[in-house]
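Here are some short exercises to work through with the structure open beside you. Try each task yourself before reading its solution.

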Amino acid sequence: MELGEARLVLGDDGLYLNVSFSRTVTLPEISADAKIIAVDVNENVIAYGNNDFVERFETNEGIIRTRYFLKRRRIQSKVRGRELQRRLLEKYRGREWRRVREIYYKAAKEIIGKVKETGAAVIVMESLEIHKKDKGSEELNGRIHRWSYRRFQQMLEYQARLNGLNVVYVDSRNTSRICPVCDGELSQSRNGRRLMRCRRCGLEEDRDVVAVKNLTRRYYKECMDAKTT
């Protein structure tokens, strides 16, 4: 690591010395021959894997975000002093983000460890801008806008590149609605709330597993398409 800029920063609880370091990393080639780990970020679960395996990391972020949202709303309705209200809101926003950030760090560490264990060279994630669009439900829209999926992606991407891994983003549309085997339409199975069933080939799979496998397929398809153009 090479030493970069250093500066003193005054925080609420003391004086800190911020020092930046840099390191040159050689990233592996993005190709159809590369072994990958695909990562599907959901409101309460981060699923990752490829066609060989899928594992889950329970974040419960949606639950945490909703609890703090309700707590802040109670403060806004019941606390009568602007300054006290402001301090309390900042306090709980800080607690909320620190709690979520700690979960993100643990999830990123687990995924990077699995990537190294399996010998993968590329992490594939969703381009999730589509999730920011209105979904027609006020409650759902509120949960979506409180969900900081992009921060987790940035954190994981940083850790990946620091460890010499490449990161690729692919189209996220319908990753949980299309069969990863035959491209048929999926519908909710009668055998479980999260199980999806293909109307064409009869595949029955957990929706997180379906999403991870579809992200894996899209990475290799894009690599093959790039070869032929």
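Before you start: this is a predicted model, in which local features need pLDDT of at least 70, side-chain atom pairs count only at pLDDT 80 or more, and totals for chains, interfaces and linings use all residues. Residues are numbered from 1 along each chain as its sequence is written, and side-chain values use heavy atoms, with hydrogens and water left out.

**Exercise 1. Classify the ring pair of tyrosine 219 and tyrosine 220, and say how covered each residue is.**

Step 1. Recall the rule: rings of Phe, Tyr and Trp (its six-membered ring) pair if their centres lie within 6.5 Å; planes under 30 degrees apart count as stacked, over 60 as edge-to-face and the rest as tilted.

Step 2. Tyrosine 219 is buried, at 1% relative accessible area. Buried means under 20%, exposed over 50%, and partly exposed in between (1.4 Å probe, protein chains only).

Step 3. Tyrosine 220, at 26%, is partly exposed.

Step 4. The ring centres of tyrosine 219 and tyrosine 220 are 5.1 Å apart and the planes meet at 75°, so this pair is edge-to-face.

**Exercise 2. Which residues do ring pairs link into a cluster?**

Step 1. Searching the whole structure gives three aromatic pairs. In one of them, tryptophan 97 and tyrosine 104 have ring centres 6.1 Å apart and planes at 75°, so they too are edge-to-face.

Step 2. The cluster consists of Trp97, Tyr104 and Phe152.

Step 3. Check the cover: tyrosine 104 is buried at 1%, while tryptophan 97 is partly exposed at 22%.

Step 4. Look over the ring of tryptophan 97: the charged end of arginine 151 sits there, 4.4 Å from the centre. The test is that NZ of Lys or CZ of Arg is within 6 Å of the ring centre and within 35 degrees of the ring normal.

**Exercise 3. Work out the strand order of the open five-stranded sheet and find its edges.**

Step 1. Strands (E, at least two residues) and helices (H or I, at least four) are DSSP runs, numbered from the N terminus. Two strands pair if DSSP finds at least two bridges between them.

Step 2. The order is β5-β4-β3-β6-β7, with mixed pairing.

Step 3. β5 (54-58) and β7 (166-171) each have a single partner strand, so one side of each lacks a neighbour in the sheet.

Step 4. Now inspect one pairing: β6 (residues 122-127) and β7 run parallel, joined by six bridges. Methionine 125 stands opposite tyrosine 169 in β7.
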